[in-house]
Amino acid sequence: VQLQASGGGLVQAGGSLRLSCAASGKIFSIDTMSWHRQAPGKQRELVAVITSGGSTNHADSVKGRFTISRDNAKNTVYLQTNSLKPEDTAVYYCNADRIRAMEGLFFGSWGQGTQVTVSS
C-alpha cells in the first residue's frame with residue numbers, strides 16, 4: 001500500500017492549486033486522512049483532516065482558503081488551496097491513519113510529499 005501525492009507547483013500569490021493523494025493497492029477502507037506541510041527550517045504542521053464519514057477540520061491559518069475533501073471510491077484525498085500566500089510555501093504531505101487492505105492493516109502511512117511554492 002502506497003500514498004502518492006501530486007498537484008504541487010509554482011503559483012503566484014492569490015492563485016490556486018488542487019493537491020491530490022491517492023492510495024494504491026487492494027484497499028478495503030481508509031480511516032482518517034489528513035494533509036500536513038513542512039516549510040524549510042520549520043516543523044511539520046497539520047493543515048487539514050477529514051474522517052471517513054466526511055467530517056473536516058482545518059488549521060486556523062488556512063480556514064476559508066483551503067478545503068479538504070475525499071473520494072472513498074477512489075481512495076483519494078484532495079486539498080483545494082485558494083488565495084495562496086507566500087507563507088503557504090512548503091512541502092505538502094498526505095497521511096492516512098489506518099488503511100485496511102488485502103495486504104494487511106497499515107498505520108500512519110505518509111505520501112512522498114509535493115512541493116508548493118507561492119511567489120509574491
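Reader: Which residue in the turn between β8 and β9 has a positive phi?

Author: Keep in mind that this is a predicted model. Strands β8 and β9 form a hairpin, with 4 residues between them. The turn residue with a positive phi, about 50 degrees, is Asn75.

Reader: How many bridges join β8 to β9, and do they run parallel or antiparallel?

Author: Strand β8 covers residues 66-71, and β9 covers residues 76-81. Across the pair, Arg70 stands opposite Val77 in β9. As for the count and direction, 6 bridges join the two strands, and they run antiparallel.

Reader: Which side chains of β8 point to the buried face?

Author: Side chains alternate along this strand. Thr67, Ser69 and Asp71 point to one face and are not buried. That leaves the other face, with the buried Phe66, Ile68 and Arg70.

Reader: Which residues touch the most other members of the largest nonpolar core?

Author: That core has 29 residues. Its largest share, 6 residues, comes from β10. Leu79 makes a nice example of a core member: leaving out residues up to four places away in sequence, Leu79 touches Leu17, Phe66 and Ile68, among others. The residues touching the most other members are Trp35, Val47, Val77, Leu79 and Tyr92.

Reader: Where are the two cysteines of the disulfide, and how many residues apart in sequence are the parts they tie together?

Author: A search of the whole structure turns up 1 disulfide, and it joins Cys21 to Cys94 with an S to S distance of 1.9 Å. Cys21 sits in strand β3 (residues 17-24) and Cys94 in strand β10 (residues 90-101), so the parts tied together are 73 residues apart in sequence.

Reader: Are Cys21 and Cys94 buried or exposed?

Author: The cut-off for buried is under 20% relative accessible area. Cys21 comes in at 0%, and Cys94 is also listed at 0%. Because of those values, Cys21 and Cys94 both count as buried.

Reader: What is the handedness of the disulfide?

Author: Look at the torsion about the S-S bond of Cys21 and Cys94. That torsion is about 55 degrees, so the disulfide is right-handed.

Reader: Which residue's backbone oxygen does the side chain of Gln112 reach?

Author: Gln112 lies in the loop between β11 (104-110) and β12 (114-119), and at 41% relative accessibility Gln112 is partly exposed. Beyond its neighbours within four places in sequence, Gln112 is in contact with Leu3, Gln4, Ala5 and Tyr93. At 2.8 Å, the backbone oxygen reached by its side chain belongs to Ala5.

Reader: How far apart in space are Gln112 and Gln2?

Author: In sequence, the two are 110 residues apart. In space, C-alpha to C-alpha, the distance is 9.2 Å.

Methods: Residues are numbered from 1 along each chain as its sequence is written. This is a predicted model: local features need pLDDT of at least 70, side-chain atom pairs count only at pLDDT 80 or more; totals for chains, interfaces and linings use all residues. Side-chain values use heavy atoms; hydrogens and water are left out. Buried means under 20% relative accessible area, exposed over 50%, partly exposed in between (1.4 Å probe, protein chains only). Contact means heavy atoms within 4.5 Å. A polar contact is a pair of N or O atoms within 3.5 Å; within protein, one must be able to donate a hydrogen and the other to accept it, and residues adjacent in sequence count only if both atoms are side-chain atoms. A disulfide is a pair of cysteine sulfur atoms within 2.5 Å. Two strands pair if DSSP finds at least two bridges between them. A nonpolar core is a set of buried Ala, Val, Leu, Ile, Met, Phe, Trp, Tyr and Cys residues joined through side-chain atoms within 4.5 Å.
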